[in-house]
Amino acid sequence: MSKLMWPVAIGGVCAVVTWIVSGMLHFPLIFQWMFMFYIALGTGVFLLLAAPELPLLRTGKAIVGLVAFYLFTSGVFLAGGAILPQFDPTVEQEKINKILKHRRAQFEAPDNTEQLLKKAQVLSVQANDLMGRVAKLQGTAAPILVASAGATLSPVERGKEVYNLYECYNCHKIGGEGGTKKRGPEMGNLGNLLTPKQIIKKILSTKADPYFYAEGFEKEHKKGLMPEKYRELMTEEELSTLAAYLMTLKNPAHKTPKPIFLKDEVEHGFTVYGYVRDVNGQPVPNMKVAARPSTAGSHAASATTNKDGYYEAFIHLHNTDAGALIRLSVRNQKKELRADFDPLDKTTKRQATVDFTL
Ligand code: HEC
């Protein structure tokens, strides 16, 4: 009996240690269970080795036993193959082909198409901006198609494809869906927090050259969890369409963490914050606040009030934009404020507060 206890005890210790270590290494749950399955299998083999010999079977019974054993092991293999995640080379090959197709199109294009491509990218970002505004007016997103070299997809659709091709979903979720691991932040409200340029800069940043980290993810950021390989792998077209796609994710119900900028950003941003209340002084939650700087080339920002009626809008402003007018609007109310800051002061947070009573 004690002969049978040993494999069970060792298997148990292995299982506990593997579970803890794989958890610490951020393995997804399905992998952790797979490890448990392997350990159980190994334990089973050692149990069989330690088990007392079966009585010798005579011809007829021996054949039946053999066939039964064969059916049983085949069943285990087939069920395992159907349940466990599989690596499918054709799926991976397809992904690689899609990535390469766009690269080839760029290489084979004559010189002046490069300029055209750049123009298409600029257009795609502008189109996306417009789309955001149209969506705001209509309450739904309307697809705008802009032809880009070698693709019949709209920039946003292409961006979604890029998101999947580079497997961002391995760590990120959109509206709580699509991801298998919980290593990175939820993306569902990214469009309300960042500009396309900031998204691209984040993707290109490295541990040695950081840009910002997502609030609450300081530890993960310090560990360098977000891969640095995109810097080498992604083309400009991929970066700009990916950013265009991520900018369409504007659902304030999804808890995307705010960016915490690590350097310089105080020079480029201005935060407007405050409360939206009704005439009785009660907070108005889920209310859109739009902030539009009057400076040329700057991006409009929008924010949504939380349950306390509080909002915070981050506006992209440069040092040279000191004193710029910012137009705020909530429902049909409009207010203006001047972005007063000292361009030489690089430590004081640039911000102003504006409250609304609806
Ligand atoms: C291996 C895991 C991993 C993968 C894969 C990954 N990320 Fe991340 N990402 C993270 C982690 C962790 C953070 C939070 C820490 C930080 O900000 O550095 C993060 C943060 C971000 C942020 C900032 C979010 C915010 O709320 O401020 C953006 C944007 C982002 N990732 C985009 C991407 C895109 C686009 C891809 C695919 C090309 C991608 N990530 C792939 C782990 C990953």
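**Ligand shell and strand β5**

Modeller: In this predicted model, a polar side-chain atom of H172 lies 2.8 Å from a nitrogen atom of the ligand. Local features need pLDDT of at least 70, side-chain atom pairs count only at pLDDT 80 or more, and totals for chains, interfaces and linings use all residues. Residues are numbered from 1 along each chain as its sequence is written, and side-chain values use heavy atoms, without hydrogens and water.

Biologist: What makes the H172 pair a polar contact?

Modeller: A polar contact is a pair of N or O atoms within 3.5 Å. H172 lies at 2.8 Å, so the pair counts. H221 brings a polar side-chain atom to 2.9 Å from a ligand oxygen atom. A polar backbone atom of A214 is also 2.9 Å from an oxygen atom of the ligand.

Biologist: Which residues surround the ligand most closely?

Modeller: The shell holds 25 residues, and the closest are C168, C171, H172, M226 and P257. To be near, a residue needs a heavy atom within 4 Å of the molecule. β1 (212-214) gives the most, with three residues.

Biologist: Why are A301 and S302 called buried?

Modeller: Buried means under 20% relative accessible area (1.4 Å probe, protein chains only; exposed is over 50%, partly exposed in between). A301 and A303 on one side of β5, and S302 and T304 on the other, are all buried, so both faces are covered. In a regular strand the side chains alternate between the two faces of the sheet.

Biologist: How do you know that β4 and β5 pair?

Modeller: Pairing takes at least two DSSP bridges. Four join β4 to β5, so these antiparallel strands pair. A291 has A301 as its bridge partner in β5.

Technical notes
Helix = DSSP H or I, 4+ residues; strand = E, 2+ residues; numbered from the N terminus. Polar contact = N/O pair within 3.5 Å; in protein donor to acceptor, adjacent residues only side chain to side chain.
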